[in-house]
Amino acid sequence: MDYLQIVGGNKLRGKVTISGAKNAALPLIAATIIAKDSVQITNLPNVRDIKTLLKLLDNLGARYEHAKSAATIDTSTITSTKATYDIVRTMRASILVLGPLLARFGHCEVSLPGGCAIGQRPIDLHLRALEQMGADISIKGGYVHAKAPQGLRGATIIFDKITVTGTENILMAAALAKGKTTIINAAKEPEVVQLCQILQNSGVDIEGIGSDEITIFGSEGELLPMETISVIPDRIEAGTYLCAGAITNSTITIDKVIPAHIESILVKLQQMGFGLEIGDSNITISPARRIEPIEIVTSEYPGFPTDMQAQFMALALLANGTSIIEERLFENRFMHVAELRRFGANIQLKGNIATVIGPTELYGADVMATDLRASSALVLAALAAQGTSNVHRIYHLDRGYENLESKLNALGAQVTRLQEH
Ligand code: EPZ
């Protein structure tokens, strides 16, 4: 197993290029299941979750070629509609194949994803919505068994909670259904918007893209002619590198980003006192004269993303005063708190609210990554700490950050990947 050894205290400088968004690429790869011909996807991040989903498609019988940041996927050869436990258990987002498989083949079996380090993460909303579209769903032997022999039909879906992959699953199912589907309380994340746009470019009539009410007019089972897709930039990777600049008191530029996608992150950085120069597709961050404490409440897009909560907690350790961070989306997304304390952090936890008392002198430590974004918070703290840190269990990081250590080292950090004995 690999770990990262980080010598803290180095200033960063220069420019880092942001990769394609993992969470946009995953539903786009799943959407190739409802494509008529093979589809090329470019600007794919070279991260493990992408390889996992491609492997899942391969297991179903699809063919793909994958090199660096592009893949060509041909799903016309699919022979199986069973997404098996061994893959789904390693990546919850595998559930994204449920809607498209059911819509195209009229039946499928997908292993239940189960809980994970950040919470229980049920899929009841996905299942209820598909039932409303005429699917017969049962859970047996740890698998979701879904059937719709006559095909799915349009319905009005009201999500009780905003769900990103739930919205994506229903969008893909509705694209092939008979008639009109309206999703009320839909997710508005840029990743959802890109999926809508791709479906629209493939001939599906969609209204309300980017709003919380989306209407889809289905193709009645006709597979979609999809053109080459270029994945949007990763807004969470962008935010994480901005935090890397901020926490090391450095001036760095992030390139190939869509600034509008990270407005809530930029506002918080500005409130903390950091300088920001915002171009069309790049942003330069410069040090704060005095780092101010912040208040953060995570919420759905366009609110402050839960996927940036841990990184801002690391940054808040350096603020001059008390910051309050409230996690509203996941019930257990504070696993990094105990690890941040190893660097010397003074954080009090009460339910879903963390009180971070700064400023803190951070000292290098051995820490354990618990989930993807928690891991990046530990890397950030290590960059700012005096001395050497070892971040263990970095397989979490490899799921979602492309070339993390080489990107950081090119900015002047001292990060080495080593193997546990
Ligand atoms: C997506 O997960 C992202 N994953 C997550 O990114 C992200 O943290 C999350 O959205 C929130 O922004 C992908 O896009 C692949 P949800 P998702 O359904 O879709 C509850 C990362 O680090 N809920 O929007 O699984 C759920 O428990 C990851 O890259 C139900 O109760 O999240 C949560 O409390 C981690 N029933 C809330 O809704 C359901 O059927 C929002 O979850 C579905 C969700």
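Reader: Hey, how many of the residues of helix H4 are buried?
Author: In this predicted model, helix H4 spans residues 98-105, and 6 of its 8 residues are buried, so the helix is largely enclosed by the rest of the structure.

Reader: Which residues of H4 are the buried ones?
Author: They are Leu98, Gly99, Pro100, Leu101, Leu102 and Ala103.

Reader: And what covers them?
Author: The cover over the buried residues of H4 includes the helices H1, H2 (48-60), H5 and H6. Strands E7 (107-111) and E9 (143-147) are also among the covering elements.

Reader: What about the spot just after H4, what does Gly106 do there?
Author: Gly106 has a positive phi there, about 80 degrees.

Reader: Switching to the ligand. How many residues surround it, and which are the closest?
Author: The ligand has 22 residues around it. Asp124, Thr163, Thr165, Asp307 and Leu329 are the closest.

Reader: What does a polar side-chain atom of Asp124 lie 2.7 Å from?
Author: That one is a nitrogen atom of the ligand. Thr163 also has a polar side-chain atom 2.7 Å from the ligand, but there the ligand atom is an oxygen. With Pro122 it's a polar backbone atom, and an oxygen atom of the ligand sits 3.2 Å from it.

Reader: OK, and how much of the ligand does the protein bury?
Author: The protein buries 91% of the 830 Å² that the ligand exposes when taken alone.

Reader: Which elements give two or more residues to the shell around the ligand?
Author: Helices H1 (22-31), H5 (124-132), H6 (164-176) and H12 (372-384) do. H5 gives the most, with 3 residues.

Reader: What's the shell like by class?
Author: There are 9 nonpolar, 5 polar and 8 charged residues in the shell around the ligand.

Reader: Let's do sheets. In what order do the 4 strands of the open sheet come?
Author: The order is E4-E5-E3-E14, with mixed pairing.

Reader: Which strands stand at the edges?
Author: E4 (63-67) and E14 (229-230) do. Each has a single partner strand, so one side of each is left without a neighbour in the sheet.

Reader: How do E4 and E5 pair, parallel or antiparallel?
Author: Antiparallel, and E5 covers residues 70-74. The two strands are joined over 5 bridges, and His66 stands opposite Ala71 in E5.

Reader: What holds strands together like that in general?
Author: Strands of a sheet pair through backbone hydrogen bonds, in a parallel or an antiparallel way.

Reader: Now E15: how many of its residues are buried?
Author: Strand E15 runs over residues 251-255, and 4 of its 5 residues are buried, leaving the strand mostly covered.

Reader: Which strands does E15 pair with?
Author: Strand E2 (residues 13-17) is one of them, running parallel to E15 with 5 bridges between the two. On that pairing, Thr17 has Asp255 as its bridge partner. Strand E17 (residues 282-286) is another, running antiparallel to E15 with 4 bridges. Ile254 stands opposite Ile283 in E17.

Reader: Last one, the hairpin of E20 and E21. How many residues are between the strands?
Author: There are 2 residues between them, and Gly351 in this hairpin takes a positive phi near 60 degrees. E20 (residues 347-350) and E21 (residues 353-357) run antiparallel, with 4 bridges joining them. Ile347 has Val356 in E21 as its bridge partner.

How values were computed: Residues are numbered from 1 along each chain as its sequence is written. This is a predicted model: local features need pLDDT of at least 70, side-chain atom pairs count only at pLDDT 80 or more; totals for chains, interfaces and linings use all residues. Side-chain values use heavy atoms; hydrogens and water are left out. A residue is near a molecule or strand if one of its heavy atoms lies within 4 Å of it. A polar contact is a pair of N or O atoms within 3.5 Å; within protein, one must be able to donate a hydrogen and the other to accept it, and residues adjacent in sequence count only if both atoms are side-chain atoms. Accessible areas come from the Shrake-Rupley method with a 1.4 Å probe; for residues, only the protein chains shown count as cover. Ala, Val, Leu, Ile, Met, Phe, Trp, Tyr, Cys and Pro count as nonpolar, Asp, Glu, Lys and Arg as charged, and the others, Gly among them, as polar. Buried means under 20% relative accessible area, exposed over 50%, partly exposed in between (1.4 Å probe, protein chains only). Contact means heavy atoms within 4.5 Å. Two strands pair if DSSP finds at least two bridges between them.
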